[in-house]
Amino acid sequence: MTMRRIVVVGNGIAGLTACDSLRSAGFDGELTVVGAERHQPYSRPALSKALLHGVNGNGEDNLQAHELPRPTHEATELLGVSATGLDVDARLVRLEGGGELPYDGLVIASGSRAKRLAAGLPEEGTRTPRELTLRTIEDATLLKELVASRPSVVVIGGGPLGMEVASGCLHVGCDVTLVSDATPLSRQLGEHLAGIFTSAATRRGLKIIRGGRASMADSDDGPQVVLADGTTVAADLVVTAIGDEPNVEWLAGSGLLTDSSLRVDSRGRLRPDIVAAGDVAFFPTSRGVQRIPLWTSAIDQAKAAAVGLLQGDAAPGFTFQPYFWTEGFGLSLKAVGYTPVAGTPDFCEPGDGTDSVLMRWDNQDGSGTAAAINYRIPIPKLRRLANAGPEALQRAAAAGV
């Protein structure tokens, strides 16, 4: 079937990349984007990095850190509108308010939302939510406003987002406690890299409580965090960073979900006329079918899915190699390859700056993981070093790379 109308549900980086990739692959038909947020696409990583830290390298307020270039795909954009249902037989996307969009091809890039410990906001007229999450530009703007008065902050969640938020709050002068049920970042990176970050964090004043799974309770003085042993921790502001949930409710009854998840093939396809990409999708990898909610993964998946929609079996399959980036507490980490890594690195090369180091692990499956902390190295070169093995690292070090 010739595709003349393609609908993209989702206006984040996966949706934006899918639109650009469709145009680059030659699609010149009717392209429509449905976006639940009212904004043009923006950089979510910047919300917990440059935007929250407040200033750029020139000491200027970094209020535009999240902005991306204006789209050039010339799609019809329906922003601030949610998709509420899908009829795969009639090829119709149902919209909030009762509208419908017909399609020949569909890209599902509806993303995910932040998980919450508790629901709802305080009584009307109060300014601070009892539980703040960081997922949208509105969340980031509110958090930036609230920490300006330097409240005491409790961050729940020891993953990358929780640690970045904690770092940003410390940076502006807040007293910050992080509650985690494991060593922060250990599940994502492994104990060795996690130890480097937690040491840097505590040196800068972060208080870390390994208190098991936390919950929230109200008191006369505001929200409290309740640890697994019943101990309570009070703060002026509580920020939770406990993961995300794919936005798939609108697909109920579509027949596309397997165990409540979207599982695509290596070309991003759910069926010949429907593909999915980004935080909402489970892709096949060398370590099984996984959802990889990372910025660069969403971009790579969307490129593959767009071509898969247009070219079908003739499209190349998506070969996934993780790339992860985080920063905080004076450290900037770039990692290529699967994490968490086990044990200490098999190769370690100090750089020429404080805390600067290049590392590589040999994984049990024969793959490699390369990580650079405060080490200036282009990502393509880091990928080559991860793939080539420790001998390449030694040659690079000898050559002064």
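**Notebook: a buried strand residue, a small sheet and two cores**

I began with I6, which I found in strand β1, the run of residues 5-9. This is a predicted model, and I read every entry below with that in mind.

I then asked whether I6 is buried or exposed. The relative accessible area of I6 comes to 1%, and because buried means under 20%, I noted I6 as buried.

Next I looked up what surrounds I6, leaving out residues up to four places away in sequence, and I listed L22, F27, E30, L31, T32, G105, V107, L309 and L310 as the residues that I6 touches. I also checked I6 against G29, which lies 23 residues apart from I6 along the chain, and I noted 7.6 Å between their C-alpha atoms.

I turned to a sheet further along the chain, and wrote down that three strands form an open sheet in the order β12-β13-β14, with antiparallel pairing. Which strands stand at the edges of this sheet? They are β12 (215-219) and β14 (232-234), and since each has a single partner strand, one side of each is left without a neighbour in the sheet. From one strand to the next, I noted an average twist of 35°. As a general reminder to myself, strands of a sheet pair through backbone hydrogen bonds, either parallel or antiparallel.

I followed the pair at the start of that order more carefully: β12 pairs with β13 (residues 222-226) in the antiparallel sense, and the pairing runs over five bridges. A hairpin of two residues joins β12 to β13. For the partners across this pair, I recorded that S219 stands opposite G222 in β13, while M216 has V225 of β13 opposite.

My last entries concern the nonpolar cores. How many residues does the largest nonpolar core have? I noted 42, and the residues with the most contacts inside this core are V176, L193 and L206. Helix α4 (residues 137-147) supplies the largest share of this core, namely six residues.

I took V176 as the one to look up in detail and, setting aside its neighbours within four places in sequence, I found V176 in contact with V153, V155, A166, C169, L170, G205, L206 and K207. I closed the page with a second core, separate from the largest, which has 28 residues and includes L256, V280, A281 and A304.

Notes. Residues numbered from 1 in each chain as written. Predicted model: local features only at pLDDT ≥ 70, side-chain atom pairs only at ≥ 80, totals over all residues. Heavy atoms only, no water. Pairing = 2+ DSSP bridges. Helix = DSSP H or I, 4+ residues; strand = E, 2+ residues; numbered from the N terminus. Axes fitted to C-alpha atoms, helices over the stretch in contact; angles between N-to-C directions. Core = buried A, V, L, I, M, F, W, Y, C linked by side-chain atoms within 4.5 Å. Buried < 20%, exposed > 50% of the residue type's maximum accessible area, 1.4 Å probe, protein only. Contact = heavy atoms within 4.5 Å.
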